[in-house]
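Reader: I have a model open at the bench and would like to go through it with you. Could you take my questions one by one?

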Amino acid sequence: MSLESIRNRVRAAERQAGRTPESVTLIAVSKEQPPERVLDTLALGHRIYGENRVQEAAGKWPEWRAEFGPIELHLLGPLQSNKTRQAMELFDVIHSLDRPKLARGFARLAQDLGRCPSLFIQINTGAEPQKAGVLPDAADAFIHEARGMDLPLAGLMCIPPVDEDPAGHFRMLAAIAARNGLDGLSMGMSDDFETAIACGATHVRVGSAIFGARG
Ligand SMILES: *Cc1c(COP(=O)(O)O)cnc(C)c1O
């Protein structure tokens, strides 16, 4: 696989789903990848990347931003409250807002910093105990609460259970977003991004299909 072929598959999935051309944002998930693979895609002009950990991202992206210019950086992994400020300084978009304490931290620090990244609320669509995210039953209330704090909500994000058909989870996420008037849908990874696009994804998060296996 390669960046070029994944880009082409994203564009083809948009067409097939009758979506507006280029309406789906391809986030290249660079976590745990050797630097040379990421540098290859930077050289090809890609400028939208996703990372799972604040610390790992802080160790590489400031330097690459200095070298390559503006890069849109997305935090995809769980965020510890004590890393909120660092995450807000480093990332343009955060996909893992999942609890009131974090929402309050964003709201307070946004005052201090004079800016706030766009935020996706993570929904635990499979209600898996080990997984982060707001439970589906609590989603409407939490979205309402976050809105009350004036946070810049981009939409919703989910990671379906590994052993289930993802389409049902993608549709659930789309339904929660629609009834709450949210446009952004961060869903779909290497194995299921085309399904996600058919279900309305606006942001797909693709790692191994672009860069190869991690490690
Ligand atoms: C690692 C990760 C991805 C990318 O996974 P691939 O299967 O390598 O495409 C996407 N989203 C999240 C939240 C991740 O942690």
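Reader: To start with, are Y49 and W61 buried or exposed?

Author: Y49 is buried, and W61 is buried as well, where buried means under 20% relative accessible area, exposed means over 50% and partly exposed lies in between, with a 1.4 Å probe and protein chains only. Please keep in mind that this is a predicted model, in which local features need pLDDT of at least 70 and side-chain atom pairs count only at pLDDT 80 or more, while totals for chains, interfaces and linings use all residues. Residues are numbered from 1 along each chain as its sequence is written, and side-chain values use heavy atoms, with hydrogens and water left out.

Reader: How many aromatic pairs are there?

Author: The count comes to two aromatic pairs, with rings of Phe, Tyr and Trp (its six-membered ring) taken to pair if their centres lie within 6.5 Å, and with planes under 30 degrees apart counting as stacked, over 60 as edge-to-face and the rest as tilted. The rings of Y49 and W61 have centres 4.7 Å apart and planes at 35°, so this pair is tilted. Because Y49 lies in strand β2 and W61 in helix α4 (residues 61-68), the pair ties together parts that are twelve residues apart in sequence. Helices here are DSSP runs of H or I with at least four residues, and strands are runs of E with at least two, numbered from the N terminus.

Reader: And what about W61 and W64, why is that pair edge-to-face?

Author: The ring centres of W61 and W64 are 4.9 Å apart and their planes stand at 80°, so the pair is edge-to-face. W61 and W64 both lie in helix α4, three residues apart, which is about one turn of the helix, and W64 is buried, as is W61. Ring pairs thus link Y49, W61 and W64 into a cluster.

Reader: Changing topic to the strands, which residue stands opposite Y49 in β3?

Author: That is L73, and β2 (residues 48-51) pairs with β3 (residues 72-75) in the parallel sense over four bridges, given that two strands pair if DSSP finds at least two bridges between them. β3 in turn pairs with β4 in the parallel sense over two bridges, and in β4 the bridge partner of L75 is I94. The chain crosses from β3 through α5 to β4 in a right-handed β-α-β crossover, meaning that, with the strands pointing away from the viewer, the path from the first strand over the helix to the second runs clockwise.

Reader: Where does β1 fit, and why is it largely enclosed?

Author: Four of the five residues of β1 (residues 25-29) are buried, so the strand is largely enclosed by the rest of the structure. Four bridges join β1 to β8 (residues 203-206), and these two run parallel, with L26 opposite V204 and I27 partnered by R205. β1 also pairs with β2 in the parallel sense over two bridges, where A28 stands opposite Y49.

Reader: Last one: how far apart are the end C-alpha atoms of α6?

Author: They are 20 Å apart, which agrees with the 20 Å expected for the 14 residues of α6 (residues 100-113) at 1.5 Å a residue, the expected span being 1.5 Å times one less than the number of residues. The buried residues of α6 include L102, F106 and L109, and just after the helix G114 takes a positive phi of about 75°.
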